[in-house]
2 protein chains.
Amino acid sequence: MTSTPIADLWPTLSGGADTRPEAAYRLLQAAVESFAERGFHATTTRDIATAAGMSPAALYIHYQSKAALLAEISQAGHAATLTLVRAAAGGPEEPAERMRRLVEEFTAWHARARMVGRVVNYELHALPEDAYAVVAALRLDIEREVSALIEAGVAAGVFQVSEVRTAARAVTSLGIDVSRWYTERSSETPEELGRRYGELVLRMLGARV
Amino acid sequence: MTSTPIADLWPTLSGGADTRPEAAYRLLQAAVESFAERGFHATTTRDIATAAGMSPAALYIHYQSKAALLAEISQAGHAATLTLVRAAAGGPEEPAERMRRLVEEFTAWHARARMVGRVVNYELHALPEDAYAVVAALRLDIEREVSALIEAGVAAGVFQVSEVRTAARAVTSLGIDVSRWYTERSSETPEELGRRYGELVLRMLGARV
DNA sequence: CTGCTGACTAAGCGCTTGCTCAGCATGGTG
DNA sequence: CACCATGCTGAGCAAGCGCTTAGTCAGCAG
């Protein structure tokens, strides 16, 4: 169905030496797809278990609750995104080049892993309070990385923006919204889309390109 | 709670000579807020009815079903957005000025009517099939208006974009996503945000500003 | 007054939900 | 062989869901 989306987020699983049974991974994958397509509340535990080839009761051997599944997806998804953003923003290149790479990878990720992206960005309200707190902190970190990079560009004289926070919002906003509208039938590959969005963002920030 | 969001969308109601009872309007308002905050499936008919000051059964005097409420909100919201887009895109000014106005108003609308905006953009999957078809056609019209305006700008030599469809996606995407993140506690007013986004989009499209 | 209408409620029906639990097959270990 | 931990199932419980039903009541025409 979705090419290779969630294995990237739980590398210990796709690796090899992991203690978690393969059934837990199948449940996770089924939950991602169901949450993304129907939403958390419209998804039943029977949906998830059936898609993973098990009875509803088996779900509770691997996860405490339906909400715990959502929490795991959301936290892993946010952590992966933050890692990606940090890697691009903290590179050795000059600010414009770092921003281009950040947007390219941020955008491509939201297209490639759009199922996870939807859960991550549009099911926040269904998270239990403690899981939400963890995730909110990660989101703040992401926004701060982007803001800091824009500020670096402004300081270096390569970006011209009147309000850094608004510009940072616009940059992350463009990438996040990709997971809403991108489909497998889209004419552009995730990487193509990333390159084009990178171009658009640099111009938006006032960089000469 | 939300300033003046949904009255604008059902002007016959806020006008005066409307046959629809005021109770139906209260239910609509309660549904918008509940769908926006919790999502369609997490909202119960008891939630809506209680918020409107009525018993659950009263809902069914004014609307056929919970889904019919969603359909009415979604169709009216999309129709209002298309009207706004058409008015800006079809103006007498030159393309860059029309685009600026379009983005300003599209963005401000998604900030001001963010509750309606969330229902309109993030609860599509819960629509009954026939209502979805109507709404999908409206969405296509909106995208086409934006694409045509970009093409006009390219033809006039004021915009430089390599892929019109990708650029159109980016423009609408920026506005739609506002309804996801904007809150009453945001530091910018909807109009300020609109002006700043208008500036960013013109630069993104390669217009000299 | 009578007779009728339209907005509304209290009660609850049939069904689905998230989740539990007793029990079963399997396979490694003494 | 016995023993037991592990992974799982079939059956089902309590709660809550969308929606219906029977009936109440204010308002109004005659």
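**View 1. The surroundings of DNA strand C in this predicted model.** DNA strand C has 16 residues around it, and those that come nearest are A:T44, A:A57, A:S65, B:S55 and B:A57. A residue is taken as near a strand if its C-beta atom, placed from the backbone, lies within 6 Å of it. By class, this surface has ten nonpolar, four polar and two charged residues (Ala, Val, Leu, Ile, Met, Phe, Trp, Tyr, Cys and Pro count as nonpolar, Asp, Glu, Lys and Arg as charged, and the others, Gly among them, as polar). Residues are numbered from 1 along each chain as its sequence is written, while chains are lettered from A and ligands numbered from 1 in the order in which they are written. As this is a predicted model, local features need pLDDT of at least 70 and side-chain atom pairs count only at pLDDT 80 or more, but totals for chains, interfaces and linings use all residues.

**View 2. The surroundings of DNA strand D.** Here 16 residues surround the strand, with A:S55, A:A57, A:A58, B:T44 and B:S65 the closest. This surface splits into ten nonpolar, four polar and two charged residues.

**View 3. Where chain A meets chain B.** Each side puts in its share: 24 residues from chain A and 24 residues from chain B (contact puts C-beta atoms, placed from the backbone, within 7 Å). On the chain A side, α9 (164-181) and α10 (190-204) are the elements that give two or more residues (helices are DSSP runs of H or I, at least four residues, numbered from the N terminus). The largest share, nine residues, is from α9(A).

Methods. Contact = placed C-beta atoms within 7 Å.
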